[in-house]
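Biologist: I have a model open and some terms I would like justified. Please take me through what each one rests on.

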Amino acid sequence: MPSSQKSISAGARLRAALAAERPLQIPGAVNAYCARLAERAGFRALYLSGAGVANASLGLPDLALTTLSEVVEDLRRITGATNLPVLVDADTGWGSPLMVARAVRELERAGAAGCHLEDQIPAKRCGHRPGKVLAPVREMVSRLEAAAQARQDEDFLIVARTDALAVEGLEAALERARRYIEAGAEMIFLEAAASLDEFRRAAELGVPILANLTEFGRTPLFTLPELRSAGVAALIYPLSAFRAMSRAAERVFEAIRSDGTQLGVLDMMQTRQELYAVLGYREWEEQLDRFLQQAETEG
């Protein structure tokens, strides 16, 4: 990390990004290399999706099958590869309020800039799937209180996600959001919103609103001007790059298997030189050469 950023916490960097860009675009990165690509594209922050960890790292569906340690492992790799602040999907917190507190401390130590907690029961489902069951309001309030008390950096961002819109309707979701703000949430994640008016109503709560622009879900793929006019402060694109990467991988595997060669899909691939540019390969290689030459000289 550049020396100018060493003293600036991840949470402070995320807050600075939120102040500099409205709405702040936060793409999902499923691994460290994707994080590098997003940084090169000019994004100011990154998102680590729970579904991304489950799907990309473990080959599992997004059904509360990941553990805190698995999320932290992916997070450490990403924060080790980029200076961008990372907002982390903490699902329902992996247990009791005590576990939520531990999760916040572990995520913070691994370099997270903030996390969001959701108000489903622990046996959660994807926010854009049917069958979601909400936790009691008091249970979610306890999760948020534990998270706010546990953070070491006051700039670590606590986000409350409510799935109540699809289950109980807008008014119930807004009432839950009010309770969550009282408990320490500094941003509300209104999951599965289907209209700009729903975001406008949420923006009246007086805290920043986060929108989820996941593809093929309940939320239309609104434009930046539309969301800005609705008062949305930040947008996540949890699996956009991962979906595209997966489709490309399918086509490459199919071509190699059917054609016996990859010649027909070379135009889909990043070149070796492009890969090296992202990784700073030449600089690493030159550093290795200097070490070897120094060892030779001293030997």
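Modeller: Start with pairing: two strands count as paired if DSSP finds at least two bridges between them. In this predicted model, strand E7 (residues 209-212) and E8 have three bridges and run parallel, so by the at least two bridges rule they are paired.

Biologist: Which residue stands opposite Leu-235 in E8?

Modeller: Ala-211 stands there. The chain gets from E7 to E8 through helix H11 (residues 224-229), in a right-handed β-α-β crossover.

Biologist: What makes that crossover right-handed?

Modeller: Point the strands away from you; the term applies if the path from the first strand over the helix to the second runs clockwise. The path from E7 through H11 to E8 is classed as right-handed, so it runs clockwise in that view.

Biologist: How do you know that strand E1 (residues 24-27) pairs with E8?

Modeller: The two share four bridges in the parallel sense, and the rule asks for at least two, so they pair. One of the partnerships is Pro-27 with Tyr-237 in E8.

Biologist: What makes E8 a strand covered on both faces?

Modeller: Buried means under 20% relative accessible area. In E8 (residues 234-237), Ala-234 and Ile-236 on one side are buried, and so are Leu-235 and Tyr-237 on the other. Each of the four therefore falls under 20%, on either face.

Biologist: Why are E1 and strand E2 (46-48) said to stand at the edges?

Modeller: The open sheet has eight strands in the order E1-E8-E7-E6-E5-E4-E3-E2, with parallel pairing. E1 and E2 each have a single partner strand, so one side of each has no neighbour in the sheet. From one strand to the next, the twist averages 25°.

Biologist: How many bridges join strand E4 (residues 114-118) to strand E5 (residues 157-162)?

Modeller: Five, and the strands run parallel. Among the partners, Leu-117 is matched with Ala-160 in E5.

Biologist: Why is the protein, with its 14 helices and eight strands, called as compact as a globular protein of its length?

Modeller: Its radius of gyration is 21 Å, and the globule rule gives 19 Å for 299 residues; the two are close, so the description holds. Buried residues make up 45% of the 299.

Biologist: What share of contacts between residues at least 6 apart in sequence joins residues at least 24 apart?

Modeller: That share is 68%. A contact here needs heavy atoms within 4.5 Å.

Note on methods: Residues numbered from 1 in each chain as written. Predicted model: local features only at pLDDT ≥ 70, side-chain atom pairs only at ≥ 80, totals over all residues. Heavy atoms only, no water. Buried < 20%, exposed > 50% of the residue type's maximum accessible area, 1.4 Å probe, protein only. Axes fitted to C-alpha atoms, helices over the stretch in contact; angles between N-to-C directions. Rg over C-alpha atoms; globule rule 2.2 N^0.38 Å.
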